[in-house]
Amino acid sequence: MELKGKRVIALGERDGIQGDSIASVARSAGAEVVLEVTHCFV
Amino acid sequence: MDARSVVIKGAKNFLAHTPGLVRHGSRPSRDIAGDSGVVEVIGERLRTFEEAGAYAPNRAYLGGLTPDELSRLDRPWYALGGDFERSQRYGRIMPEDEFYGVMKMMDDFDLLWLDQGFSRRVAESLAEKGGWTAEQLGKLESGVSAEQVAGQLGEGAGNLPMYLRGGELIGVMNAAHRQDASLFADVLLENLACKAAAVMAVKVLLEDLDLDPLSFPYILNSGEEAVGDRYQRGGGNLAKAIGKECGLVNSTGSDVKAFCTGPNHAVLLGAALISSGIFERLIVVGGCSLAKLGMKYQGHVRKGMPILEDVLAGSAILMERNCGVGPVLRLDSVGKHDVGAGGAQPAILAELVSKPLERLGLAYSDVDKYATEMHNPEVTEPAGSGNVPELNYKLIAALAVRGGQLERHEMPEFVSRHGMPGFSPTQGHIASAIPFMPHAVEGLSTGSLNRVMFLAKGSLFLGRMTQMSDGLSFIIEPND
């Protein structure tokens, strides 16, 4: 998927992949991160 | 013997089975506000005290089973039944009527009003078991009438009804202020329950290990509840309130806040206070998280299961200067998740596991057991939250493979040998590593274990002040 120029919502999970990690990857691929959140489900 | 050396002398856990309070958990209470029919849906799935007491993960939490024994039991564990004792090897379980009584005894501001008949009945039961002062039991003597309870529950009063599992109304939790959200009834109920569970954990520790309450100079509370008012929300020091109720009159204390990493930070700070010579001994305690009651009830209802998040938990740890008894906390073993470490799970576990092992010249397999996030998978999986401890063990095994210490095909065996099934109630900080502490203390004292690592993680991002996580680890070993 081409992320350059796209807007991304990064929804992460504590024991999986966290929001800031997803956001970093998306930004490095040229996307604009409009929201990054990590949740804890335990 | 190193004069700076610190031991974990003992540890005890506590459970209160509180099905009547499930409706006041955060998730259920929000759903009930939108649909009053949810009360009935929840009511049909609440367990009896006997069912909760016999539940294998609860017995593992209290020492009736080892985690390895639990791993050999077929699931679903909730269908197994069985016998149980209220007092077990590493702790006790209490039914809800008595726990309401303990909350009332802990209530210095007459916030919790209990029906007079109920209150007297509970007073008799608690007095019979002993361990309470006349002043504490005196708070249960009078009680209020059913009319007074009803009068406090009028629309807009902001007070909360207190029920038993079967729907019997036995009291009311009153707000302490009409405008201060920090003193609303729901917040005060959480705080009072946390205090009561923590007091019970400390009392079990004192009574079962025959400790002199007067011998303690300090207590560290690691619970997450934000005790305070509008001007100092979360101001805290529940530790001192807990100490007072347990007769620790020569102690003071403080709270350590770090989400679910709190208990590990508290153990580390406790070790520093002892190692420095400031104190000879102290207690680290954590009370319950009432907000998490019924957090995943929807998943349990959907699967036709009982609602398993029906217990409040507490944990207490006795730390002392090393006089030759009890496993030693290695002061050189601390692993910490630094600000600059990054938030990816492999990065967090590399900080908490790989770095300290490397520094100590140890292999991953040199740690007999890793005590990590010990959440019971039977609670989390039906809600789609996965098997949290297993995920952590797989990541540790993967780090061992990456470090060239393990072959990829050996990972399942590593997970089985060095991990354990989650057996802790999903009670926030309580589930992070410390449920295994009593098991570790015994195993390291009797020789069945040689080294245990405790690693905890905290979700700092939930407070919206940072995107970061947290984590802290340490190793305990047998005394020389």
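**Why those words? A chat about chain B**

Guide: In this predicted model, helices α16(B) and α17(B) are oblique to each other. Local features here need pLDDT of at least 70, side-chain atom pairs count only at pLDDT 80 or more, and totals for chains, interfaces and linings use all residues. Residues are numbered from 1 along each chain as its sequence is written, while chains are lettered from A and ligands numbered from 1 in the order in which they are written.

Visitor: What makes α16(B) and α17(B) oblique?

Guide: Their axes cross at roughly 125°. Under 35 degrees counts as roughly parallel, over 145 as roughly antiparallel, 65 to 115 as roughly perpendicular, and the rest as oblique. The crossing angle fits none of the named ranges, so the pair is oblique.

Visitor: Which residues of α17(B) make the contact?

Guide: B:Met411, B:Phe414 and B:Val415 do, on the α17(B) side. Being in contact takes C-beta atoms, placed from the backbone, within 7 Å.

Visitor: Why is B:Leu449 called buried?

Guide: B:Leu449 has 20 other C-beta atoms within 10 Å. Buried takes 20 or more within 10 Å, exposed 12 or fewer, and partly exposed is in between, with C-beta atoms placed from the backbone. So B:Leu449 counts as buried.

Visitor: Where does B:Leu449 lie?

Guide: In the loop between α18 (437-446) and β14 (452-458) of chain B. The C-alpha atoms of B:Leu449 and B:Lys369 are separated by 8.0 Å, though these residues are 80 apart along the chain.

Visitor: How do you know that β4(B) and β6(B) pair?

Guide: Pairing needs at least two bridges found by DSSP. These strands have three, in the antiparallel sense.

Conventions. Helices (H or I, at least four residues) and strands (E, at least two) are DSSP runs, numbered from the N terminus. Axes are lines fitted to C-alpha atoms, for helices over the stretch in contact, and angles run from 0 to 180 degrees between N-to-C directions. Two residues are in contact if their C-beta atoms, placed from the backbone, lie within 7 Å.
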